[in-house]
Amino acid sequence: MTERFTVGQLARETGIAVGTVRHYEKIGLLPPAARSEGNQRLFDAAARRRLGFLRHARDLGFSLDATRELLDLADHPDRPCDRADVIARRHLADVESRIARLEGLRRELVRMVEGCVQANEGGAVAECRVIETLADHAHCASDHEGREDDVVRKGR
């Protein structure tokens, strides 16, 4: 008899939330589950392996679109792997770009905080380097327009 997993069992075994498992099934990243007589979803071992692949790709920051492409390639093992390499290299370039951006943000924040001697000397907010810098981008040493969460979201 083939091993079957309920959505809850599959979620526990893979560490993916039940709602996410259902979402992946709904958007076609997981094939539709078989149903029990009581209409409960029943997944097989192949779905568990596929969900493990999905989890690992998402943990590495691949977008859903890239993950979908990679899954399609994994479903066709006779294809050349050059497309997978292109996807991974593109993702690596995006990660390196985000890292560089975050390093720039870190440098600017360190500079801003280290410039805030007023806090250690009991100074007033009117003389606060943090407030001054946030109020006027001209006080920044680097160009870092855009928000860090925008940078992170672009990679997801």
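Which residue in strand 3 does Ala34 stand opposite? It is Leu42 that faces Ala34, and that pairing is a handy way into this predicted model.

**Overall layout**

Let us step back to the whole chain for a moment. The chain contains eight helices and three strands. Followed along the sequence, these elements come in the pattern β-α-α-β-β-α-α-α-α-α-α. Of the 156 residues in the chain, 27% are buried. Taking contacts between residues at least 6 apart in sequence, 50% join residues that are at least 24 apart.

**The sheet and its neighbours**

The three strands make an open sheet with the order 1-3-2, and the pairing is antiparallel. Strand 1 and strand 2 are the edge strands, each pairing on one side only. Between strand 2 and strand 3 the antiparallel pairing runs over two bridges. Helix 3 packs on this sheet, where it touches strand 1 and strand 3. The direction of helix 3 makes about 80 degrees with that of strand 3.

Two loop residues beside the strands deserve a look. Asn39 sits in the loop that joins strand 2 (34-35) to strand 3 (41-44). Asn39 has a positive phi of about 70 degrees, although it is not a glycine. Thr6 belongs to the loop between strand 1 (4-5) and helix 1. With a relative accessible area of 18%, Thr6 falls under the 20% limit and so counts as buried. Leaving aside residues up to four places away in sequence, Thr6 touches Gln40, Arg41, Leu42 and Phe43.

**Two nonpolar cores**

In general, nonpolar side chains tend to be buried together in soluble globular proteins. Here, the largest nonpolar core has 15 residues. Those with the most contacts inside this core are Leu10, Val21, Tyr24, Leu30, Phe43, Leu51 and Leu54. Helix 1 (7-14), helix 2 (18-26) and helix 3 (45-59) are the elements that give two or more residues to the core.

Phe43 is a good residue to click on if you want to explore this region. Beyond the residues up to four places away in sequence, Phe43 touches Glu3, Arg4, Phe5, Thr6, Val7, Leu10, Val21, Glu25, Leu30, Pro31 and Ala33. Two of the residues named earlier, Leu10 and Val21, are thus among the contacts of Phe43.

A second core, separate from the largest one, has six residues, including Phe62, Ala66, Leu70 and Ile87.

**Helix 5**

Ile87 also appears among the buried residues of helix 5, together with His91, Arg98, Gly104, Leu105, Glu108 and Met112. Does the length of this helix fit or conflict with its number of residues, and what span should its 33 residues have? Helix 5 covers residues 82-114, and at 1.5 Å a residue its 33 residues should span 48 Å. The C-alpha atoms at its ends are 47 Å apart, so the two values agree.

**Salt bridges**

The count of salt bridges comes to eight. Three of them are set out here.

| Pair | N to O distance | Location |
|---|---|---|
| Glu25 and Arg41 | 2.5 Å | helix 2 and strand 3 |
| Arg83 and Glu69 | 2.8 Å | helix 5 and helix 4 |
| Asp85 and Arg89 | 2.7 Å | both in helix 5 |

The bridge of Glu25 with Arg41 links distant parts of the chain, with the two positions 16 residues apart in sequence numbering. Glu25 is buried, at a relative accessible area of 12%, and Glu25 is also one of the residues that Phe43 touches.

The pair of Arg83 and Glu69 ties together parts that are 14 residues apart in sequence, because Arg83 lies in helix 5 and Glu69 in helix 4 (residues 64-74). Arg83 is partly exposed, with a relative accessible area of 32%. Glu69 likewise counts as partly exposed, at 28% relative accessibility.

Asp85 and Arg89 are four residues apart, about one turn of helix 5. Are these two partners buried or exposed? Asp85 is partly exposed, with a relative accessible area of 36%, whereas Arg89 is exposed, with a value of 57%.

Methods. Residues are numbered from 1 along each chain as its sequence is written. Side-chain values use heavy atoms; hydrogens and water are left out. A nonpolar core is a set of buried Ala, Val, Leu, Ile, Met, Phe, Trp, Tyr and Cys residues joined through side-chain atoms within 4.5 Å. Buried means under 20% relative accessible area, exposed over 50%, partly exposed in between (1.4 Å probe, protein chains only). Contact means heavy atoms within 4.5 Å. The expected span of a helix is 1.5 Å times one less than its number of residues. Two strands pair if DSSP finds at least two bridges between them. Axes are lines fitted to C-alpha atoms, for helices over the stretch in contact, and angles run from 0 to 180 degrees between N-to-C directions. A salt bridge is a side-chain nitrogen of Lys or Arg within 4 Å of a carboxyl oxygen of Asp or Glu.
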